[in-house]
Amino acid sequence: MRSASVAATWIAFALAAASLVLAAAYASDVVGSIFATLALGVTGTVQLWSIRHLEGDPRATRFFALSSVLASGLTVTAAAPNAIVLAIGWVVASAAVIALITLGGRTTQTRVALRRTLVAFGIGDIALVAAVVTVTATPVTSLNELGAVGGAPALVVGILVAIAAITRAASVPLHGWLPATLAAPTPVSAILHAGFVNAGALLLVRFAPLEAWTTPVIVGIAGGLTVVIAGSAMLTRPDVKGRLVHSTAAQMGFMLLACAIGAWPLALLHVVGHALYKSYRFLAAGSALLGEPSPSRAQDADTRVLRSGVASAAAAIVVVIALIADSFSHPGGALVPFIAATVWIGVWAATGGRGRSRWVIAAGVSGVASGYVLLWAAVENAFPLALGAAASPWLAVCVFVTAVLAGLAVSPAAPTAIRDYVYGAASGWGTSPAPPSHAASLTEPVEYERSSR
Amino acid sequence: MTISPLPPTEKTPPRAVDVRGLVIAAAQALAPQYPLHRFIARNPYAGYEDLPWDIARERIAAEHGTSLVRPESAYRDLYAAGGVNDADLTDALGTLVHDVSLDRVVRWSGRDIRVADVFIADLLASPEAPLPRRTLLTPAERFAPRVHTKIETYLARLGARSLGHAPAPDPLTAGRFWDAWRRSAGRDLTLPVRVRRGVRIAAESPEEAIATAFEHWEVVGDDAVALLRAHLLSLPGWAAAIADGSSGAVTLTDWLAARVTLELLWLPSDTPAWHPNAAATTAAAVVFPAERHAERVAAVADSLALTLADAERAELSRILHALPESCRLEAWHAAAERHLALLVSPRSRPRADRGRPASQVVMCIDPRSEGMRRHLEASGDIETFGFAGFFALAIAFQDAAGGPAIASCPVLVAPRARVHEGSADQAAIERLRRGAVTARTAHDTLEGVAESAASPFAYAEIAGWATGPASVARTIAPVTTARVARNLREIVAPRPATRLDPDVAFALDERIAYAESALRMMGLVNGFARLVVLCGHGATVANNPFAAALQCGACGGHEGSPNARAAAAVFNDPETRRGLDGRGIHIPADTVFVAAQHDTVTDRITILEPWSVPATHAADLAAFEDAAARARIGSGRERLAELPGAPANPTDDVVLAELERRGADWAQVYPEWGLCGNVAMIVAPRRVTAERNLARRVFLHSYETDADPDGSALETILTAPMIVAQWINAQYSASTLSPNRFGAGSKTLHNVVGNVGVVSGYGGDLRTGLAWQSVGVGHGARHEPVRLQVFVQAPLERVGEIVSRSHVVRQLVDNRWITLRARADDDTDWATLTRYGWRTQPLSDAPSPTEPTPKETTAWN
């Protein structure tokens, strides 16, 4: 059993690597290569980490084998030359994730997670397979020729692809599975949140030549809603992994939104940056202590005016830089408010500190963000991926405003009644039943138990 | 309700103060859980120790569903592996079987059989004693499991919301909890409409709400306590964190009021009447004692290969009745304890004058010190002592970087003075403080950006470019990455040479009194070496929420370095020394006390204030550091042999590299074994334990009867360090015996909630106790759960007096929560203190146990 698992690990990993080589060297496919490299890099790093983290854990060998299968599924998806291979890779990855969730052991939580994942992936993967079957029924043979599919079939395929992408990204209304996957070990989450959930963007890129307005509209609305809802849910989570999981859902909503408005290069940039960020945060989840309680910092009212003024000025500078860099001529310009918000919050938080260093940090925040706006502009200019149909960029602006309002509604600044309702709903969002497990083994942790109770 | 209510005249609603009293009574079943930043051992059975151990065992089984002993199959495996033998079993049976003599010989089927062998056959072959079963259930759990699941799901979330810290402050945590909860639960759309409406009109005070539930369920007195206790133990982790009271404004009364109110509102109206003992009598599994006993008789007869006549069978049955089935597990447990006690029991080693050693080292009583002390003694002319790791200095420590003051003393002791770290170089201190402020501001900025409504999107994208490479670096080169981070910190905020100011914090007479009592307690009143190293301990670990559990428990879950530094400063103070002269303790002028810290993960011993050591002692210090470096390799190699994932037969360099890696590695779940395997506490001169490998399983407290003329030092040892050792022992045992109730499960599922603790997976109850990686590997436990075996070398009358004066210690001894053995000097036999007086135990005339080798004492599983 053990040697079989080890062999499976290597074979799957080799397959994954081969797909990468194929995508990069043979097809010179930039998007596919990026996704495949990301999946392989993250999986490899997390596997190295897990050699020590899962030391002595009876589930370790299964984890290595299944995570390699997952990586191969993801790279095959990325490097797929046609829709059929893409769907095969997609379904293999889904199946591998379901198998990885069983590593949570014989706990109630695992059962809940399995049920939710099976239902969600059932919907998403069947939708994708149906889309591929529909496309295969047409004379079109290559993904690049999808534009030739027209009329009702195109609209239907567009809807099916949107459903598949939304499921992967854990967006509304198919969001329930992702929070439940916390029932699985930490390294499973690290891979899941970095390599798996973002495959929706790849799918949308691949099907972008399809002339169907249904995809961007559905994906944009679902993604936008998720930005708002999961973003507020994250603000109400007292547990570190709960914050990470809802943060991922919101980030994937943002990615879908970017795809929907046609800001493809920015969506891809976001996929990579977020994957590297989130896998780190999961691996470092054990460091999430608050530290020794310290006296709270002075929050006197006079500095609030000064601080918000400085923060607003810094945010305005970022917008001006975006203007100068001509960002607003691209669809990605609609996402500039989000980076301005990052600067505003960063400067606000930094200037709440003490000493002279807070101004240095605030300046650093503004500088880095300004640089990033320039990078955005450069990327959009360098890769003018104008693909298929797109939703109006104003959708992103609406989402931004709503997200800010939702953030305010759960903050102490909101009227008590509104805050109680919104906070209660946000803190209950995406939660799963967690009954106490009393009748558990007396000799080992229930998550290690081999036989059914 | 289907039963008719009692006449209303018989009842008056209980007053608020009565309700609070009932809550306190119910909370006896809980050991409050400390938050993670000062997570030190907590004895989970503390509330049951006023009961005899065997009675408590039944109560804990009924209320918690857990056992104080291993399942019988585990003991049988242990017997097969040689971890328990016939002599151990016979000895244990001797204290449990009273109605028949074990030495009697019966003649059955023409064979002579010792009664003791009959019982041993019974222990080995009879059907296994049943596992514990929880019978104390809340009404919802008993009558409506589906509703129960919903209630518990909501309550687990409520616990996390009340005690954790979300990025947006929870409206529940503003103001009085009961008011905040009624208001916000009334507006919580995840609750059913009926429940929300009911919550809005619930009683004005939590006490009234609880009284309402008492009225509804028609419970008073003990039954009311049982109802509350059933509710507390339904999510025992959250209740334990609330009972600690340091993490939030919610009290147990609030929590119980919310629980019983929700239950009343949520349960269907046709729910039957509840009574605490109902489950015990109506449970599905009915046991027929007579039938079980007959099976037992048959199994024993089979095992002894006997074909019994009816009369013989009746006699066997009568004999077996002398050991009730429920006592079998106690016999096994006591036998396993005796086996281990024999392995570690101190031997005779007459006092020999060894001359003045080159240096003396005082280390914490922590079992981890035992290994290092043994290797230090082997590496140089070094004499070692065991003493509480806070060096009996109850201080609050204010570090030079300007962080919050830390209570560096046992949690039950209030700091007596605040000791500051300072330096003559004010500019350096300023730089250090500025660096700390900068780091704090940067951290808060990143957290603020990551955790607000619209800002995390661009942030994650940007941060990813830094954290991606960091993931790889920390994974493939953890030591280098940690060193780079340390060097960066040193550039931003270089640490100057600092000293502590105990001479300011404590008046001269306080210092003298402290110094005298500390030296008498550790038995170091003469024969001072030129160098006396006071060595506290700490643990370098990365990415470990339970880091505090590996630090010094006597320092409240912190490093021991502040206490070692302060104590060394006191002992080096000339005025204090003059005062000690007047009290009969003369510290030679050429004796220098030096503060050090033992890192229990990397085994490195660091001299904390090298700048405080006079040049005259530089050579002595260098010699000590050489010895410490050699001891580090020896101790490290010994430890690595037992740690999962360590290289086999490592060279010296590999040993050092591996130790460093375990301290720095963010993936490491087995940085060290902590106090896993602890068995005993020995209060005696080091010479009776020296030159023996006790495999880091024993708390060693030095004690010399002669240095303690009035017995006050021994009284302190038995009433403070011994109690702490018992807590630790109980915590390790409980985490091993019931990893799902008193343990925290596997680390890989841990999900940190604020500072209050961890949950497993996506939520549920707060986990209490130690992670499985602290007590076991994979399917097998590594820790051997036994009650603490205490050995005291002191006059029996003195020990007996101290025990009878201290309520806590007497309770532990009388109720058999510890085994306390004593002997007056090296030449006498160990006597065990029981409820009925001293019993001389045949520890020395037992089939002579071989000297334990590391292999023998550590070949667990």
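## Domains, voids and local geometry in a predicted two-chain model

The centres of domain 2 and domain 4 of chain B, taken over C-alpha atoms, are separated by 63 Å. Chain B is divided into domain 1 (16-54 + 134-281), domain 2 (72-128 + 289-344), domain 3 (359-399 + 401-421 + 497-739 + 775-781) and domain 4 (424-492), with bounds that come from an automatic or database domain assignment. The model is predicted, and local features need pLDDT of at least 70, side-chain atom pairs count only at pLDDT 80 or more, and totals for chains, interfaces and linings use all residues. Residues are numbered from 1 along each chain as its sequence is written, chains are lettered from A and ligands numbered from 1 in the order in which they are written, and side-chain values use heavy atoms, with hydrogens and water left out.

### The second largest pocket

A pocket is an open set of points on a 1 Å grid over the protein atoms alone, with protein on both sides within 12 Å along at least five of seven lines, whereas a cavity is a set of points where a 1.4 Å probe fits but cannot get out; lining residues have an atom within 4 Å of a point. Grid points are joined across faces, edges and corners, and a volume is the space filled by probe spheres set on the points.

The second largest pocket has a volume of about 1300 Å³, and 41 residues line it, of which B:E58, B:A61, B:L131, B:P132 and B:R133 lie nearest its centre. Two or more lining residues come from each of α2 (53-64), α11 (221-232), α15 (289-303), α16 (310-321) and α17 (325-344) of chain B, where helices (H or I, at least four residues) and strands (E, at least two) are DSSP runs, numbered from the N terminus. Helix α2(B) gives the most to this lining, with six residues. Domain 1 and domain 2 of chain B each supply at least three residues to the lining of this pocket.

### The second largest cavity

The structure holds 15 cavities of 30 Å³ or more. The second largest cavity encloses about 320 Å³ of space, and of its 25 lining residues the closest to the centre are A:D239, A:T431, B:R157, B:Y762 and B:G763. The elements that give two or more residues to the lining of this cavity are α11 (240-260) of chain A and α7 (145-163) of chain B, and α7(B) gives the most, with five.

The table sets out the two linings by class, where Ala, Val, Leu, Ile, Met, Phe, Trp, Tyr, Cys and Pro count as nonpolar, Asp, Glu, Lys and Arg as charged, and the others, Gly among them, as polar.

| Void | Nonpolar | Polar | Charged |
|---|---|---|---|
| Second largest pocket | 21 residues | seven residues | 13 residues |
| Second largest cavity | 11 residues | 10 residues | four residues |

### Buried residues in chain B

B:Q789 is found in strand β18 (residues 789-793) of chain B and is buried, with a relative accessible area of 1%; buried means under 20% relative accessible area, exposed over 50%, and partly exposed in between (1.4 Å probe, protein chains only). Not counting residues up to four places away in sequence, B:Q789 touches B:E337, B:A341, B:V679, B:A680, B:M681, B:T819 and B:R821, contact being heavy atoms within 4.5 Å. A polar atom of the B:Q789 side chain lies 2.9 Å from the backbone oxygen of B:R787.

In helix α4 (residues 86-96) of chain B, the buried residues are B:D88, B:L89, B:D91, B:A92, B:L93 and B:L96, and what covers them includes α3 (72-80), α5 (115-125) and α17 of chain B. B:N85 caps the N-terminal end of α4(B), with a side-chain oxygen 3.1 Å from the backbone nitrogen of B:A87.

### Backbone geometry in loops

Most residues other than glycine have a negative phi, and most peptide bonds are trans. The peptide bond from A:V172 to A:P173 is cis, with omega near 5°, and A:P173 lies in the loop between α6 (151-168) and α7 (177-180) of chain A. A:D326, in the loop between α13 and α14 (336-351) of chain A, has a positive phi near 65° and is partly exposed at 44% relative accessibility. B:A392, in the loop between β4 (382-387) and β5 (395-398) of chain B, has a positive phi near 60° and is partly exposed, with a relative accessible area of 25%.

Conventions: Polar contact = N/O pair within 3.5 Å; in protein donor to acceptor, adjacent residues only side chain to side chain.
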